[in-house]
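Here are my notes on the model you sent, set out as numbered points. Please read them with the structure open beside you.

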Amino acid sequence: MRRIPSWIWPVVVAVFILALSRLVENEYYMFAGYVVLQYVVLASAWNILGGYAGYVNFGSAAFFAIGAYGTVVIDKLLEPPLVVAILFGGIVASLVGLVTAYLTLRLRGAFFAIATLALAIVLQTLVTNWDFVGGPLGVYTIRPESIAGFPSYVNYLFVVMLVLALIAVLVARAIEISFIGRGLAAIRDNELAAECCGVPTLRLKVFATMLSGGLMGMAGAPFPYYITYLDPNSAFSIAYGINSIAMPLIGGMTHWIGPVIGAVLLAVIQQVATVTISSELNLMIVGVLLISFITLAPNGIVGLFESYRQQRHRRPST
Amino acid sequence: MTSQQSLLEAISIGKRFGGFVALEAVDIAIRPGERLGLIGPNGSGKSTLVNCLSGATSSDAGTIRFDGRPIEQLPAHKRTHLGIVRTFQIPLPFTSMTVVENLTIPLRFAARHHPEAKATESDIDQALLILEDVGLRHKAYESSAGLTQVELRKLELARAVAARPKLLIADETMAGLSYSEVDEIISLLFKLNDQGIAIIMIEHIMRAVMAFSQRVVVLVAGRKIADDVTDVVMNNAEVVRAYLGE
Amino acid sequence: MVTFNLLLNAVVTGILLGGFYAAVTIGITIAFGMLDIVNIAHPVFIIMGSFIAYIVNRKFGVDPILTVVVASPLFFMLGIAIFRFYYAAFESSGKGSLRGLAFFFGILFVIEVTLLLAFGVDYRLVQTSYIGPNVGFGHVDLPLRMVVPFVGSIAMVSGLHIFFSHTFVGRAIMAVAQDEFALSLMAVDTVAIKQLAFGIAIATGAIAGGFLIVIQPVDPSLGREYIGRVFAICVLGGMGSITGTVIAAFILGVVETITSTLFGPSWAPAVSFTALLLTLAVRPSGIMGR
């Protein structure tokens, strides 16, 4: 029997979730599910640069917000369909990634991380002072009443994010198993040795940053329609920054399934915590999990699973 | 030697770090298939020279021609594509990968650029052959993180070979090894040289240099003080003085 | 309307602010510049210092700067504890950099949220005799609440400069920063030295917190504004150089204040971070960098 290629599984799961979404009537699940899927995109995207190449990006919020505010801008100018806004957000975010990467990726990873943080704050300041998009007061986006083919617009947004999540996961997987992924792994293990082995390190890092940023931008593009009121604080929320790091780390950074596991786990925990306890506690939970995992299980849940499997291999079967 | 004859020709290489002059007007050249020893006291600039030749650092002055082409502006990975490969004094394996996977990196990213080196076997098969050559075949599927010192040095060399070099710069591959381990590495380097690879051996272990090199270049305090056939250089008074003191 | 008076006041205020920024940053100069530890959580220790000063000031009326100076040994020990944990868990392994970064990122949040839960989102301030009155020199009107921290900051930074250049321990720390391997070969316990340095770094943060709450009201999330600032100043100043940090801090303070005055305070954050991005892009070794 031929082995089932692993890309089938995300597609199957996505189709399954799509089918479920048609049956579920309570819109709350659409809203909550959207957030979870959004994090699947962000975590998978982050991991392309962070997990595969070892370059930590603290500014995920910047790329996300570029997507969100990109939609605001393009809506004011053209009123295009959502798909166009998504592409627009992705391209702009990707270009910003290109510039940032080219300027800072010649330096050590720590400097890149700090630069991404700086980028997020500079962009937030620019947006806060830009009246065209509402400045500090933000802007309202009217969510259309309905859209053909879907029971509600929220349902449509959910499905859009589901598709984006599937794309992100498949792209991450494709990169991981390709020669690009091997090159990134070599960079992560020892960049100097990689360069001297013929790996075009700068080019690969820039590519990874563009791809990562672009995907994050795409995740942010539908956000104005989801949240209807967009202001700099919500677009640049620190939650995006910390979650995009925590989710891959806790899920496992070396495999494309890690960010998915981490995103689903953490996003669900945070949703539950927000509803039951308080929203401040969210960041606390993430912070504590982050520290625990990075100290005790740095290879994440995937890593724990792998070592469990290796243990079982070593033991003679009784 | 004339420019037509040399594989690598570096003229008047200079490098400063702040106020410290690491290299001053150093000329070095090597013919295809030649075995060159590069020696000098600690701090004489050998590693800096290697870095400048391989592209890990950029030189401040001088020209470098490889196969007739100027390469000073090229980044390290491009020089590797052309066929200049170096190993590191302290081995730098890709620790998350197995031994054989380590070799697939240069095979995929460097070897492909050599039209002469087109191979029909898969990367893994080529890698296994190279591991066979260096004596690491039995460790192919083990993590590279758990190797012994001499095994790490062999992995460094194997990885360099996987890049299909025309010139291999072996930077102190034998430092700290036992007598028999040094012999192992020497015979390995001879084997590689038999395949047509020019080799620059940087070493402090004199018996290795004398056994291996056809010609020796001596650096002292950033300058070249000798460049001749091995026997001549080893008997040069200035060289002896540099190593043993006045 | 922009007058000469306004600009002059802005420049002088900027200098006062710059002195304070130097005190805030010195902990990062030590941790990141000298020890190569990307302690992105440094600002929360500053905020912790502010809140301790607040509590003591509220309950006992004690001067906030006095409080933090007295409390600094505690923070010193906290710094040592954190370093030991960091060292045992991360530095010995190969992939220190990413894990260390994520670790401190986690610390940043845990402490910030703890403060948030303990104190809520409100701004807190202290009462002292020098918050309120101004002192005038000709055209320039200086709020004492900025002058006093400025003096304190300069004192602390100068003291540290002397410590690092003239005491045995201080120079040992600088030696570790330059060539740890060589030092370890000379039978020096480099871990103990780094531990000490990190403890000092955290302690300076707490002291800077005392200055901070004198200058302005503090809330738990204020630290985030400072993350970029401290790294910007540290990088601009050339990483491990105290002199560089001071110069960069003054430059940033003045430019920020002038920007604020001319274009409004909402533009001020962009200043430090753009400065950081430009420095990284153009001259990563900074002003005094090697």
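1. I begin inside chain C, where C:Ala201 touches C:Gly27, C:Ile30, C:Ala31 and C:Gly79, if residues up to four places away in sequence are left out of the count. Please keep in mind throughout that this is a predicted model. C:Ala201 belongs to helix α7 of chain C, and it counts as buried because 29 C-beta neighbours lie inside 10 Å, where 20 or more are needed. The chain brings C:Ala201 and C:Ile26 to 7.1 Å from each other, C-alpha to C-alpha, although 175 residues separate them in sequence.

2. The helix that holds C:Ala201 also matters for the nonpolar core. The largest such core has 284 residues, and those with the most contacts inside it are A:Ala65 and A:Ala118. Helix α7 of chain C, residues 190–215, gives the largest share of this core, with 15 residues.

3. Which residues does A:Ala118 touch, not counting residues up to four places away in sequence? They are C:Gly228, C:Ala232, C:Phe273, C:Leu276 and C:Leu277, and these contacts lead on to the interface of the two chains. The contact takes 36 residues from chain A and 32 residues from chain C. On the side of chain C that touches chain A, at least two residues each are supplied by α4 (96–119), α8 (223–236) and α10 (268–282) of chain C, and the largest share, 14 residues, comes from α4(C). Divided by class, that side of chain C has 25 nonpolar residues, five polar and two charged.

4. Chain A also meets chain B, with 17 residues of chain A in contact with 21 residues of chain B. Two helices of chain A, α7 (179–189) and α8 (191–196), are the elements that give two or more residues to the side of chain A that touches chain B, and α7(A) provides the largest share of that side, six residues. The residues on this side of chain A comprise ten nonpolar, four polar and three charged.

5. Still in chain A, helix α9 (residues 201–220) can be checked against its expected length. Its 20 residues should span 28 Å at 1.5 Å a residue, and the end C-alpha atoms are 29 Å apart, which agrees. Because 17 of the 20 residues of α9(A) are buried, this helix is largely enclosed by the rest of the structure.

6. Turning to chain B, six strands form an open sheet in the order β6-β7-β8-β3-β9-β10, and the pairing is mixed. At the edges are β6 (84–86) and β10 of chain B, each of which pairs on one side only, while the twist from one strand to the next averages 15°. At one edge, β6(B) pairs in the parallel sense with strand β7 (residues 167–171) of chain B over three bridges, and within this pair B:Val85 has B:Leu168 as its bridge partner. Helix α1 (residues 46–54) of chain B packs on the sheet and touches β3, β6, β7, β8 (198–202) and β9 of chain B, its direction making about 150° with that of β7(B).

7. Further along the sheet, strand β3 (residues 35–39) and strand β9 (residues 215–220) of chain B pair in the parallel sense over four bridges, with B:Leu38 and B:Val217 as bridge partners. In contrast, β9(B) and strand β10 (residues 223–229) of chain B run antiparallel and are joined by six bridges, with B:Val218 standing opposite B:Ala226. The hairpin of β9(B) and β10(B) has two residues between the strands, and there B:Ala221 takes a positive phi near 50°.

8. Two further backbone angles in chain B deserve a look when you inspect the model. Most residues other than glycine have a negative phi. B:Ala25, placed in strand β2 (residues 20–30) of chain B, has a positive phi near 50°, and this alanine is partly exposed, with 13 other C-beta atoms within 10 Å. B:Arg164, in the loop between α5 (149–162) and β7 of chain B, likewise has a positive phi, near 55°. Is B:Arg164 buried or exposed? With 24 C-beta neighbours inside 10 Å, B:Arg164 counts as buried, since the cut-off is 20 or more.

Technical notes:
Residues are numbered from 1 along each chain as its sequence is written. Chains are lettered from A and ligands numbered from 1 in the order in which they are written. This is a predicted model: local features need pLDDT of at least 70, side-chain atom pairs count only at pLDDT 80 or more; totals for chains, interfaces and linings use all residues. Two strands pair if DSSP finds at least two bridges between them. Two residues are in contact if their C-beta atoms, placed from the backbone, lie within 7 Å. Ala, Val, Leu, Ile, Met, Phe, Trp, Tyr, Cys and Pro count as nonpolar, Asp, Glu, Lys and Arg as charged, and the others, Gly among them, as polar. The expected span of a helix is 1.5 Å times one less than its number of residues. A residue is buried if 20 or more other C-beta atoms lie within 10 Å of its own, exposed if 12 or fewer, and partly exposed in between; C-beta atoms are placed from the backbone. Axes are lines fitted to C-alpha atoms, for helices over the stretch in contact, and angles run from 0 to 180 degrees between N-to-C directions. A nonpolar core is a set of buried Ala, Val, Leu, Ile, Met, Phe, Trp, Tyr and Cys residues joined through C-beta atoms within 7 Å.
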